[in-house]
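Biologist: Please take a close look at a single part of this model, the surroundings of ligand 1. Which classes of residue make up the shell around ligand 1, and which residues are the closest?

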Amino acid sequence: MDSETFRQLYYEMLRIRMIEEKIADLYLEQEMRCPVHLSIGQEAIAVGVCANLSVSDYILSNHRSHAHYLAKGGNLRTMMAEIYGKVTGCSKGKGGSMHLVDLSKGFLGAAPIVGSTIPIAVGAALGAVMRGEPRLTVIFFGDGAMEEGVFHEAVNFALLKKLPIVFVCENNLYSVYSPLSVRQPMGRELLDVAKGYGIESHQGDGNNVVEVYEYTEQAVRKAKQGNGPTFLEFKTYRWREHCGPNYDNDLGYRTEEEFLEWKQQDPIRTFEDRLLKNELLSKHNIDAMRKKVEAELDGAIRFAKESPFPQDKLLLEDIYAI
Ligand SMILES: Cc1ncc(C[n+]2csc(CCOP(=O)(O)OP(=O)(O)O)c2C)c(N)n1
Ligand SMILES: [Mg+2]
């Protein structure tokens with residue numbers, strides 16, 4: 001990996017972090033009226049995976065989709081407008097945070113019904129093969145989605161048809177307030193569940209962007225050579241509450257110690273330390289990057305706030321059910 005790629009990975013993670021922190025701050029104004037599920041703490045997975053994809057490749061996501069959308073090149077202005085419910089939003093203001101889409105960048109969509117986008121991604125991969133298109137599909141989902149039956153059907157079918165798809169499980173250890181220990185038999189890793197289907201599977205550190213990048217690189221190469229799907233499980237941790245801008249460790253479903261341990265493994269700060277130490281990045285570079293993101297964010301927020309709401313007569317147009 002060259003130094004420019006290292007800097008780019010850092011920039012993409014920093015950008016996503018700053019955007020989501022801004023969303024969290026602005027959420028308190030109560031002008032964003034949709035739920036928001038933030039990926040703060042989980043940025044390395046979206047960035048490390050998407051850095052291997054081209055614009056024509058497809059990705060699909062779930063309720064926690066801002067990072068995926070942004071890492072795939074989705075338009076920030078239309079994302080912000082969507083979260084504000086404005087007609088200029090990427091779903092014309094009718095979807096909100098959990099229904100982002102940017103077809104021009106291969107972001108086919110996101111939906112909050114847990115597991116629902118997994119078979120759609122498999123269908124997208126099958127469609128690409130049937131049309132003879134060289135593109136690949138990545139599906140992002142959480143550990144909770146592996147408990148939906150549709151995950152199991154989808155993996156089996158993708159393997160059977162040798163589809164060019166990469167299954168990326170972001171294992172942040174929780175489904176809302178339920179830890180894996182109350183949802184999975186003791187000692188069984190999610191990786192083992194996937195392996196049971198015979199799909200090539202790997203488990204990596206989801207807070208290490210380079211590790212994520214490298215596992216994905218192999219999976220993408222394999223899929224593009226026509227050798228079928230791969231399952232990747234990346235362990236990580238969500239810093240904020242399941243849904244919303246706040247911290248919720250006081251609720252008692254997880255301990256402050258656990259949270260602080262994971263915070264020590266901040267994917268951005270640990271990578272920053274590494275790059276600074278190896279002189280691949282300077283404090284000056286970081287300041288410049290921050291300023292660039294702030295300017296971009298200011299423009300996107302102004303655009304979103306100044307845009308109109310959709311008119312009543314548009315209510316029943318462009319409505320799709322998946
Ligand atoms: C089919 C279905 N069941 C339950 C829910 C409620 N729900 C929304 S998000 C979520 C947790 C999903 O956990 P996971 O897949 O691990 O993603 P994470 O939120 O941890 O990123 C649940 C249970 C839902 N949206 N859809
Ligand atoms: Mg989870």
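Modeller: By class, the shell around ligand 1 holds six nonpolar, six polar and three charged residues; here Ala, Val, Leu, Ile, Met, Phe, Trp, Tyr, Cys and Pro count as nonpolar, Asp, Glu, Lys and Arg as charged, and the others, Gly among them, as polar. The model is predicted: local features need pLDDT of at least 70 and side-chain atom pairs count only at pLDDT 80 or more, while totals for chains, interfaces and linings use all residues. Residues are numbered from 1 along each chain as its sequence is written, chains are lettered from A and ligands numbered from 1 in the order in which they are written, and side-chain values use heavy atoms, with hydrogens and water left out.

Ligand 1 is surrounded by 15 residues, and the closest are His-63, Arg-64, Asp-143, Gly-144 and Asn-172; a residue is near a molecule if one of its heavy atoms lies within 4 Å of it. Polar contacts (pairs of N or O atoms within 3.5 Å) reach oxygen atoms of the ligand from a backbone N or O atom of Gly-144 at 2.8 Å, from a side-chain N or O atom of Asn-172 at 2.9 Å, and from a backbone N or O atom of Tyr-174 at 3.0 Å. Taken alone, ligand 1 exposes 580 Å², of which the protein buries 73% (Shrake-Rupley method, 1.4 Å probe).

Asn-172 and Tyr-174 also serve the magnesium ion, ligand 2: its protein donors are Asp-143 (OD), Asn-172 (OD1) and Tyr-174 (O), lying 2.1 Å from it. Donors are N, O and S atoms within 2.8 Å of the metal (3.2 Å for Na, K and Ca). Their spacing along the chain is D-x28-N-x1-Y. Asn-172 is buried at 8% relative accessible area, and Tyr-174 is likewise buried at 8%, buried meaning under 20%.

Key
Buried means under 20% relative accessible area, exposed over 50%, partly exposed in between (1.4 Å probe, protein chains only). A polar contact is a pair of N or O atoms within 3.5 Å; within protein, one must be able to donate a hydrogen and the other to accept it, and residues adjacent in sequence count only if both atoms are side-chain atoms.
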